[in-house]
Structure formats: C-alpha cells, structure tokens
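Visitor: I would like a close look at one part of this protein. Please take me through the strands and what surrounds them.

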Amino acid sequence: MAWRLFEEKDHAAMYQKYRLPSANEVHKVIFNYLEKKKGKPFTLAVDIGCGSGQSTRGLASYFDKVVGIDVSEAQIEEAKKVDGPDNVSYRLGLAENLEFEDGSVDLVTSGTAVHWFKMEKFMKEAERVLKPKGCVALYGYNIPTLLGYDNCPEDPDQIVEEMSAQLEPYETKGYKTVWTDYQEQLDAITFPDKERAEDIFIKFKKPVSWIKGYLKSFGVYQIYLKKDPENADASMDQIEQRLINALGGSSETIVEFSLKYYCVLASKPE
C-alpha cells in the first residue's frame, strides 16, 4: 500500500469505535453482482484494507471463509479483539502482494481503502488470485448529512461540511478520488466488464459527538494532527460546539444521519 497512516494504537481504537459496519444495502449490491457474474459456490472472500474488521465481519454469512488483510498491526489487533464469526480471520498484508494461490478467491473487496493502494500493482494481484468470473468490489461513501433539521439558526450540514473542509489541505492525491466516487479507480481496473453502482443511501442514528470522532478517524486527520496538533484538535472542538448550539442539545443528543455509498464492481474474464 502506498500510505501507512493507521498504525498508531490510539488511532486504531478510534477507528474501531467510530467507523460504521459495512451496510447491508452495499452487501446486496455486491452479492447480486457476484451471483450474476460468477454464481455460487462462494468459498473465499478477501477484504483488503480491512482496518478494525467492520467490513470483513459483514461478509461472513456469504462465504465459507473470509480473510481480512491490513498493513497495520494495530488495526489487525483491534479486529481480533472483536468476537466475530468463526469463518473470519485477519492477517497482516499488502494490497499489492496478496498471499493467496492463483485462482483461489471468489471476491476481492475493499471498503474505503482503495485510495491508498498502488492501483496497477493491486489489479495485477487481484487478477492473479481471482477465480474466472471472480469479482472486485471497491466501495466508499461521502460525508454524512443530518436529517430533519431544516429550522436551525445555522445549517447543521454546512457546519459538518466545514468540519470536513478542515482536512482538505492534508488530502493526498489518492484520497481526493473519494470525492469523485472512485472514478480514477474505475478507469484503472483492467477487466473489460466493469461498472459503478451509485446513490446507495443508508440512515442511522448517532450522538452529535460521533461526527467529530468519525472525521478524526480519517487518515488525513492523522496527517493534520502530526503537522499541527494544537489547531487540529481545537478546530474540531470549536466546530463541534457550533453544531451543538445549532441543534440546541448536547454532545450526546441523538440525531439521524444519512450516508451515500458508491461501489465500483468488476468481473474477471473467464
């Protein structure tokens, strides 16, 4: 992987606490595609850039075996702390050097991590390990929006966007592809049979304080924190207080969020 920003234990613990489990709506898109292109049986899935395992555990009911791969030992340790399904395991590894036999994998997936990969090398490895008609699924999501707060003194979504904008100067070239719904990654996929699913929406409820923790779990926030630690924390705290004031509650007030996912899909030729 091209970047290694998730290796501190405190960051890995934050990732486990604030990142969302992979959404059922995304699973449906992926498995409808996999079933259409390859069909059962589904023996082995490999989840690359698995972090603390939220996306990996969500695959367990579909496959005989699921392996989560991450470059960060701290993230793998966090993933292993969770009492997950027996058919899920985790190991250290690189997206560009997958330690699986040729033609042994049904699905290679990555949730909000492919923007850190060296795409050309990753695709060569994906092509090698996938079975004929096996699939690649690369998904991400945009910044959450709040639902049902149209009459606030200050627009809550605008405040959340400002919080996210604090990270923009620290975005890497690869990270910026998140905001184009992985168009660059779609273009880089070498399989002719490829497509993108868009506008996959989910709703969920969290305390107001969740949004700050969620953004601080981003790799780009870790860059910000290392370069300007005092302003990094202070700016997030100040904007969070504006959000609390706008909503008229506290940091623990429960609010409803909406989140839009997108997913790049491709099938290896037979």
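Guide: What follows starts at one strand and works outward through its partners. Keep in mind that this is a predicted model. The mean pLDDT of the chain is 92. 96% of the residues reach 70 or more.

Start with strand S1, residues 44-48. Among the elements of the chain, S1 has the highest mean pLDDT, 98. Helix H1, residues 9-18, has the lowest, 75. Treat residues 1-5 apart: pLDDT stays under 50 there. The model has 20 contacts beyond four places in sequence for that stretch.

How many residues of S1 are buried? The count is 5 of 5, so the strand is mostly covered, with buried meaning under 20% relative accessible area. Now look at the side chains. In a regular strand they alternate between the two faces of the sheet. Leu44, Val46 and Ile48 point one way from S1. Ala45 and Asp47 point the other way. All of these residues are buried, Asp47 included.

Just before the strand, look at the loop between helix H2 (24-37) and S1, where proline 41 is found. The peptide bond from lysine 40 to proline 41 is cis. Its omega is near 5°. Most peptide bonds are trans.

Next come the partners of S1. Strand S2 spans residues 65-70 and runs parallel to S1. 5 bridges join the two. In this pairing, alanine 45 stands opposite valine 66. S1 also pairs with strand S4, residues 105-111, in the parallel sense. That pairing has 3 bridges. Here valine 46 stands opposite valine 108.

Follow S2 to strand S3, residues 88-92. These two run parallel and are joined by 5 bridges. Glycine 68 stands opposite tyrosine 90. The chain crosses from S2 through helix H4 to S3, and this β-α-β crossover is right-handed.

Pause on helix H4, residues 73-81, and find glutamate 78 in it. Is glutamate 78 buried or exposed? Its relative accessibility is 11%, so glutamate 78 counts as buried. A polar contact of 3.1 Å joins its side chain to that of lysine 81. Leaving aside neighbours within four places in sequence, glutamate 78 is in contact with Ala12, Ala13, Gln16 and Ser52.

Now go back to S4 and move to strand S5, residues 130-141. S4 and S5 pair in the parallel sense over 6 bridges. Glycine 111 stands opposite tyrosine 139 in S5. The chain reaches S5 from S4 through helix H5, residues 119-129. This β-α-β crossover is right-handed.

Why is S5 described as largely enclosed by the rest of the structure? Because 10 of its 12 residues are buried. Lysine 133 lies in this strand. At 31% relative accessibility, lysine 133 counts as partly exposed. Its phi is near 70°, a positive value in a residue other than glycine. Most residues other than glycine have a negative phi.

On to strand S8, residues 254-267. S5 and S8 pair in the antiparallel sense over 7 bridges. The bridge partner of glycine 140 in S8 is tyrosine 262.

Finally, consider the nonpolar packing. The largest nonpolar core has 89 residues. Phe63, Phe100, Leu107, Phe122, Ile211, Phe218 and Tyr261 touch the most other members. S8 gives the most to this core, with 9 residues. Take phenylalanine 122 as one of these residues. Beyond neighbours within four places in sequence, phenylalanine 122 is in contact with Ile48, Ala95, Glu96, Val108, Phe117 and Leu138. Three of the strands come back here. Ile48 belongs to S1, Val108 lies in S4, and Leu138 falls within residues 130-141 of S5.

One more site has a positive phi. Tyrosine 182 lies in the loop between helix H6 (156-165) and helix H7 (183-188). Its phi is near 60°. At 0% relative accessibility, tyrosine 182 counts as buried.

Terms used:
Residues are numbered from 1 along each chain as its sequence is written. This is a predicted model: local features need pLDDT of at least 70, side-chain atom pairs count only at pLDDT 80 or more; totals for chains, interfaces and linings use all residues. Side-chain values use heavy atoms; hydrogens and water are left out. Buried means under 20% relative accessible area, exposed over 50%, partly exposed in between (1.4 Å probe, protein chains only). Helices (H or I, at least four residues) and strands (E, at least two) are DSSP runs, numbered from the N terminus. Two strands pair if DSSP finds at least two bridges between them. pLDDT is the predictor's confidence in each residue, from 0 to 100. Contact means heavy atoms within 4.5 Å. A crossover is right-handed if, with the strands pointing away from the viewer, the path from the first strand over the helix to the second runs clockwise. A nonpolar core is a set of buried Ala, Val, Leu, Ile, Met, Phe, Trp, Tyr and Cys residues joined through side-chain atoms within 4.5 Å. A polar contact is a pair of N or O atoms within 3.5 Å; within protein, one must be able to donate a hydrogen and the other to accept it, and residues adjacent in sequence count only if both atoms are side-chain atoms.
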